[in-house]
Amino acid sequence: MSSPLDLFDLSGKAAIVTGASSGIGRHAARTLAAAGAKVAIAARRLDALVELERQIEALDGRALPLPLDVTDAASVADCVKAAETELGPISILVNNAGIADTKAALEVTGDDWDRVVDTNLKGAWLMAQAVAEHMTRLGHGGAIVNMASVLGLAGTGQVPAYCASKVGLVNLTRALAVEWARQGIRVNALAPGYIETEINRDFLNSAAGESLKKRVPLRRFGSPDDLDGALLLLASEAGRYITGSIITVDGGQTAAL
Ligand code: NAD
């Protein structure tokens with residue numbers, strides 16, 4: 001007898017995870033591989049992917065390291081083509097690559113703004129467009145999961161370009177979900193709250209971090225594996241009737257006044 005849990009199985013499916021060399025992306029690639037997917041792990045520096053490839057292959061998974069700069073349309077096209085050639089039809093894209101630039105709004109230069117928005121919003125768009133073109137050409141549909149943020153749902157100081165890019169990504173998610181539903185492509189987003197990774201660990205464990213934690217109803221920061229359930233739901237058949245949704249994974253942070 002088949003179980004409803006079988007719907008989460010990704011065996012035989014091919015996925016691309018952008019920004020897979022660290023933090024949430026690296027963990028998401030391992031999670032998709034653990035669920036059975038063949039995963040193209042993409043990042044700007046291939047040498048940063050060696051350990052992740054080894055970890056996934058140690059679990060009998062298939063990992064394909066690929067160079068990718070999401071801000072460069074030619075690099076995006078090369079990445080999607082190489083993933084298709086090596087892994088077959090791509091049915092999952094996790095648009096995870098992202099950067100933040102913490103600075104007072106009056107100090108942000110045009111270049112600072114462009115770097116953040118080009119990575120977080122235009123980069124996700126270029127990847128989604130390239131993968132959707134591939135899915136449409138092959139006629140098999142698929143699932144796109146955009147890594148947004150609670151800062152795409154509410155604002156805060158010192159990260160204006162980041163907030164703008166993530167709210168843009170939230171509504172891009174909805175727009176593409178509507179347009180591509182007919183092609184069988186579901187487009188959803190995760191909106192994580194504070195997720196502890198190497199780049200923010202020191203800050204989150206500082207006195208300032210402790211006071212932030214008090215504003216999280218579950219009274220702890222998240223870890224990348226707290227995103228696993230929502231990621232697998234959106235990426236798999238278990239989420240087959242979900243599109244255009246933004247799933248908040250934030251310990252209740254945005255529910256609190
Ligand atoms: P991270 O810095 O560890 O990961 C970001 C990844 O994106 C890195 O691997 C980086 O190399 C890659 N990247 C940056 N620019 C790129 C480019 N031009 N082309 C290809 N790859 C590029 O940070 P993280 O915390 O793991 O963040 C991952 C995603 O999750 C980001 O989109 C971030 O905005 C989002 N997010 C993080 C948190 C959090 O608290 N950590 C909360 C909400 C949302």
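In this predicted model, a backbone N or O atom of Ile24 lies 2.8 Å from an oxygen atom of the ligand. Two further polar contacts to ligand oxygen atoms are listed with it below.

| Residue | Part of the residue | Distance to a ligand oxygen atom |
|---|---|---|
| Ile24 | backbone N or O atom | 2.8 Å |
| Gly98 | backbone N or O atom | 3.4 Å |
| Tyr162 | side-chain N or O atom | 2.6 Å |

Ile24 and Gly98 thus approach the ligand through backbone atoms, whereas Tyr162 uses an N or O atom of its side chain. The ligand alone would expose 820 Å², and the protein buries 90% of that area. Two elements each give two or more residues to the surrounding shell, namely helix 1 (23–34) and helix 5 (160–180). The shell comprises 27 residues, of which Ser22, Ile24, Asn96, Tyr162 and Ile195 come nearest to the ligand. Sorted by class, the shell contains twelve nonpolar, twelve polar and three charged residues.

**The nonpolar core**

The largest nonpolar core has 37 residues, and the members that touch the most others are Ile16, Met127, Val131 and Trp180. Both helices and strands contribute two or more residues: the strands are strand 1 (14–18), strand 2 (38–43), strand 3 (62–67), strand 4 (90–95) and strand 6, and the helices are helix 3 (73–87), helix 4 (110–138) and helix 5. Helix 4 makes the greatest contribution to this core, with eight residues. Helix 5 appears both among the contributors to this core and among those to the ligand shell.

Helix 5 also holds Val170. With a relative accessibility of 2%, below the 20% limit, Val170 counts as buried. From Val170 to Ala105 the C-alpha to C-alpha distance is 22 Å, and the two residues are 65 apart in sequence.

**The aromatic pair**

A pair of aromatic rings is described by the distance of the centres and the angle of the planes. The structure holds one such pair. Tyr194 and Phe221 form it, with 5.5 Å from centre to centre and 75° between the planes. Because that angle is over 60 degrees, the arrangement counts as edge-to-face. The partners are 27 residues apart and connect distant parts of the chain: Tyr194 belongs to the loop between strand 6 (185–192) and helix 6 (201–204), and Phe221 to the loop between helix 7 (207–213) and helix 8 (228–235).

Is each ring-bearing residue buried or exposed? Tyr194 has a relative accessibility of 28% and counts as partly exposed. Phe221 has 7% and counts as buried.

**Loop residues**

Most residues other than glycine have a negative phi, and most peptide bonds are trans. Against this background, Gln158 has a positive phi of about 75° although it is not a glycine. Gln158 is placed in the loop between strand 5 and helix 5, and its relative accessible area of 44% makes it partly exposed. A second non-glycine residue with a positive phi is Arg219, with a value near 60°. Arg219 lies in the loop between helix 7 and helix 8, the loop that also holds Phe221. At 51% relative accessible area, Arg219 is exposed, since the limit for that class is over 50%.

The loop that carries Gln158 also contains Ser149, between strand 5 (142–147) and helix 5. Ser149 is buried, with a relative accessible area of 6%. A polar atom of the Ser149 side chain lies 2.9 Å from the backbone nitrogen of Leu151.

**Helix 2**

Which residues of helix 2 are described here, and are they buried or exposed? Arg54 is found in helix 2 (residues 50–58) and is partly exposed, at 48% relative accessible area. Ile56 also has its place in helix 2, yet Ile56 is buried, with a relative accessible area of 2%.

Each of these two residues can be related to another part of the chain. The C-alpha atoms of Arg54 and Asn146 are separated by 26 Å, with their positions 92 residues apart along the chain. For Ile56 and Thr31, the sequence separation is 25 residues and the C-alpha to C-alpha distance is 9.4 Å.

Terms used. Residues are numbered from 1 along each chain as its sequence is written. This is a predicted model: local features need pLDDT of at least 70, side-chain atom pairs count only at pLDDT 80 or more; totals for chains, interfaces and linings use all residues. Side-chain values use heavy atoms; hydrogens and water are left out. Rings of Phe, Tyr and Trp (its six-membered ring) pair if their centres lie within 6.5 Å; planes under 30 degrees apart count as stacked, over 60 as edge-to-face and the rest as tilted. Helices (H or I, at least four residues) and strands (E, at least two) are DSSP runs, numbered from the N terminus. Buried means under 20% relative accessible area, exposed over 50%, partly exposed in between (1.4 Å probe, protein chains only). A residue is near a molecule or strand if one of its heavy atoms lies within 4 Å of it. A polar contact is a pair of N or O atoms within 3.5 Å; within protein, one must be able to donate a hydrogen and the other to accept it, and residues adjacent in sequence count only if both atoms are side-chain atoms. Accessible areas come from the Shrake-Rupley method with a 1.4 Å probe; for residues, only the protein chains shown count as cover. Ala, Val, Leu, Ile, Met, Phe, Trp, Tyr, Cys and Pro count as nonpolar, Asp, Glu, Lys and Arg as charged, and the others, Gly among them, as polar. A nonpolar core is a set of buried Ala, Val, Leu, Ile, Met, Phe, Trp, Tyr and Cys residues joined through side-chain atoms within 4.5 Å.
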